[in-house]
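Here are my notes on the model you sent over. I've kept them as numbered points so you can reply to each in turn.

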Amino acid sequence: MSAELPVSQSIQLLSTSLSLIFSKKGINSLPGGLSIWDNPALPDLTGLEVLNSIGGDLRVWWNHNLTDISALENINIGSLETLYFGDNILLSECDIQSIC
């Protein structure tokens with residue numbers, strides 16, 4: 001079963017649990033953008049592995065404990081308008097073939 005979030009606007013996640021929002025709700029597509037920022041305790045993007053498309057921007061910044069973005073590997077890079085990573089101080093080199 002696939003589900004699309006019924007919004008066309010961007011979603012901003014600030015200090016929240018990604019797995020509670022995405023994997024528990026069966027959402028696999030976002031027609032708008034997704035911004036994940038200022039989540040100081042976020043070590044990874046668990047929960048986003050269910051997403052296969054984002055119809056706008058994907059922006060991930062200011063997540064100071066983020067070390068793993070492998071949950072993004074199922075996202076079709078062609079669905080993104082812009083991909084931005086910044087100020088994720090513990091995130092090293094990107095090793096996801098589909099987006100890096």
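1. Let's start with the largest nonpolar core, which has 19 residues; Leu34, Leu45, Leu48, Leu51, Ile54, Leu58 and Leu72 touch the most other members. A core here is a set of buried Ala, Val, Leu, Ile, Met, Phe, Trp, Tyr and Cys residues joined through side-chain atoms within 4.5 Å. Strands β3 and β5 each supply at least two residues of this core. As general background, nonpolar side chains tend to be buried together in soluble globular proteins.

2. Before going further, a word on provenance: this is a predicted model, with local features needing pLDDT of at least 70, side-chain atom pairs counting only at pLDDT 80 or more, and totals for chains, interfaces and linings using all residues. Residues are numbered from 1 along each chain as its sequence is written, and side-chain values use heavy atoms, with hydrogens and water left out.

3. On the fold, the chain has one helix and six strands, in the order β-α-β-β-β-β-β along the sequence. These are DSSP runs numbered from the N terminus: helices are H or I with at least four residues, strands are E with at least two.

4. How much of the chain is buried? Of its 100 residues, 37% are, where buried means under 20% relative accessible area, exposed over 50% and partly exposed in between (1.4 Å probe, protein chains only). The chain exposes about 5500 Å², and carbon and sulfur atoms supply 50% of that; the areas come from the Shrake-Rupley method with a 1.4 Å probe, and for residues only the protein chains shown count as cover.

5. Contacts (heavy atoms within 4.5 Å) reach across the sequence: among those with a separation of 6 or more, 59% are between residues 24 or more positions apart. Leucine 72 is worth a click, touching Leu45, Leu48, Leu58, Phe85, Ile96 and Ile99, leaving aside residues up to four places away in sequence.

6. Now the rings. There are two aromatic pairs in the structure. Rings of Phe, Tyr and Trp (its six-membered ring) pair if their centres lie within 6.5 Å; planes under 30 degrees apart are stacked, over 60 edge-to-face, and the rest tilted. Tryptophan 37 and tryptophan 61 count as stacked because their ring centres are 5.6 Å apart and their planes at 5 degrees. Tryptophan 37 sits in strand β3 (residues 34-37) and tryptophan 61 in strand β5 (residues 57-61), so the pair ties together parts 24 residues apart in sequence. Both are partly exposed, tryptophan 37 at 22% relative accessible area and tryptophan 61 at 24%.

7. How do tryptophan 61 and tyrosine 84 pair? Their arrangement is edge-to-face, at 6.5 Å centre to centre with 65 degrees between the planes. Tyrosine 84 belongs to strand β6 (residues 82-86), 23 residues from tryptophan 61, and is partly exposed at 36% relative accessibility. Ring pairs thus join Trp37, Trp61 and Tyr84 into a cluster.

8. Leucine 83 also lies in strand β6 and is partly exposed, at 29% relative accessibility. Leaving out residues up to four places away in sequence, leucine 83 touches Leu58, Ile77 and Ile99. The C-alpha atoms of leucine 83 and leucine 34 are 9.9 Å apart, with their positions 49 residues apart along the chain.

9. Last, look at serine 79, in the loop between β5 and β6. Is serine 79 buried or exposed? Buried, at 19% relative accessibility. The side chain of serine 79 reaches the backbone oxygen of asparagine 76 at 2.7 Å. Beyond residues up to four places away in sequence, serine 79 touches Asn52, Ser53, Ile54, Gly55 and Gly56.

Terms used. A polar contact is a pair of N or O atoms within 3.5 Å; within protein, one must be able to donate a hydrogen and the other to accept it, and residues adjacent in sequence count only if both atoms are side-chain atoms.
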